[in-house]
Amino acid sequence: TMTIDAFPNSKLSEGEEGKNNPRVILLGWVGCNPSHLWKYASDIWIPNGFKVLAVKVPDTNHFFTSWMRDWAVTLLDWLKSMEWDDPNHPLFIQVFSGSSVAYSQIVDLISHDPKYQSFLKNFAGQAFDSTGLNELSARNAFVSLVAGRPDDKLLYWGVKAVMAIYSQMVDSKVMNAEFIKRMTESRVNCPSISLFCTDDKILSVEYSRKWVEILKERGVDVTDKEWEKSAHVQHAKIHKQEYQSLMNEFITNSIQNYNTKRKKLMSSSLNI
């Protein structure tokens, strides 16, 4: 693997690409270890022939909309420079937990900024793990930041103090409304899969269910799996075989769907 200077804690799979090899962007969860994120690349995406870009979104970006927007612009500019909007290469994205905030900025730019609408032509699939139409608030941010280190009292009180100040600086109701608008008005309507659990301690299952409903209302072909017992961003570990089977089937079907649509589009353009 190799790293990219513009994106610290990122990894890009190496090796020559085939003519029509698919590509995927993995958006890591808040506080994720890049090596843990890369497990999804090595266990699922690379065996399916994908070129993989695994990116850890800077944690601080989650709290300031303009920072996340700038980051999304930088990412899409880099992807365009590397021709990741080439329709010969189907494009997928996998979104984990709170990286839905970064995802919302990415799809908003793709949907409404002419500079990035070329990505609409080669988006073939999107996977959502432990995420959904989350409520953005200081409380939920606090839970996400301390979840991985429950015994760290210094971290607990430090983050609590920062969140108290942050809640006075930012209008979370406006931020949340803007996030929901970006998510619901996205034009990225390719096949999707959502993997979540009833007993998630960090994200209410209702947020994941609501996101599935919204995708279906937009006419998106959605596969959803709700485990009764699992854990936040731990489904691939706790339900390893089932998780990989669901993802492999989703990837295969999505690529077939993409290729079928592309052939029809090319055929109709030749007949004009």
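**Asking how we know**

Trainee: Ser192 is in strand 7, residues 192-197. What makes a run of residues a strand?

Mentor: Strands are DSSP runs of E with at least two residues, while helices are runs of H or I with at least four, both numbered from the N terminus. Strand 7 spans residues 192-197, so the run passes that cut-off. The protein has 9 helices and 8 strands. One caution early on: this is a predicted model, where local features need pLDDT of at least 70 and side-chain atom pairs pLDDT 80 or more, while totals for chains, interfaces and linings use all residues. Residues are numbered from 1 along each chain as its sequence is written, and side-chain values use heavy atoms, leaving out hydrogens and water.

Trainee: Why does Ser192 count as buried?

Mentor: Its relative accessibility is 1%. Buried means under 20% relative accessible area, exposed over 50%, and partly exposed in between, with a 1.4 Å probe and protein chains only. Ser192 therefore counts as buried.

Trainee: What makes the link between Ser192 and Gln126 a polar contact?

Mentor: Their side chains are joined at 3.2 Å. A polar contact is a pair of N or O atoms within 3.5 Å; within protein, one must be able to donate a hydrogen and the other to accept it, and residues adjacent in sequence count only if both atoms are side-chain atoms. At 3.2 Å, the pair fits inside that limit.

Trainee: Which residues does Ser192 touch, leaving out those up to four places away in sequence?

Mentor: Among them are Gln126, Phe128, Leu215 and Phe250. Contact means heavy atoms within 4.5 Å.

Trainee: What is special about the phi of Ser97?

Mentor: Ser97 is not a glycine, yet its phi is positive, about 50°. Most residues other than glycine have a negative phi. Ser97 sits in the loop between strand 5 (91-96) and helix 3, and at 9% relative accessibility it counts as buried.

Trainee: How do you know that Val233 is buried?

Mentor: Its relative accessibility is 8%, so the residue counts as buried. Val233 also has a positive phi, about 45°, without being a glycine, and lies in the loop between strand 8 (222-227) and helix 8 (235-238).

Trainee: What makes a set of residues a nonpolar core?

Mentor: They are buried Ala, Val, Leu, Ile, Met, Phe, Trp, Tyr and Cys residues, joined through side-chain atoms within 4.5 Å. The largest core here has 43 residues, and those with the most contacts inside it include Leu27, Trp71 and Phe119. A second, separate core of 30 residues includes Val233.
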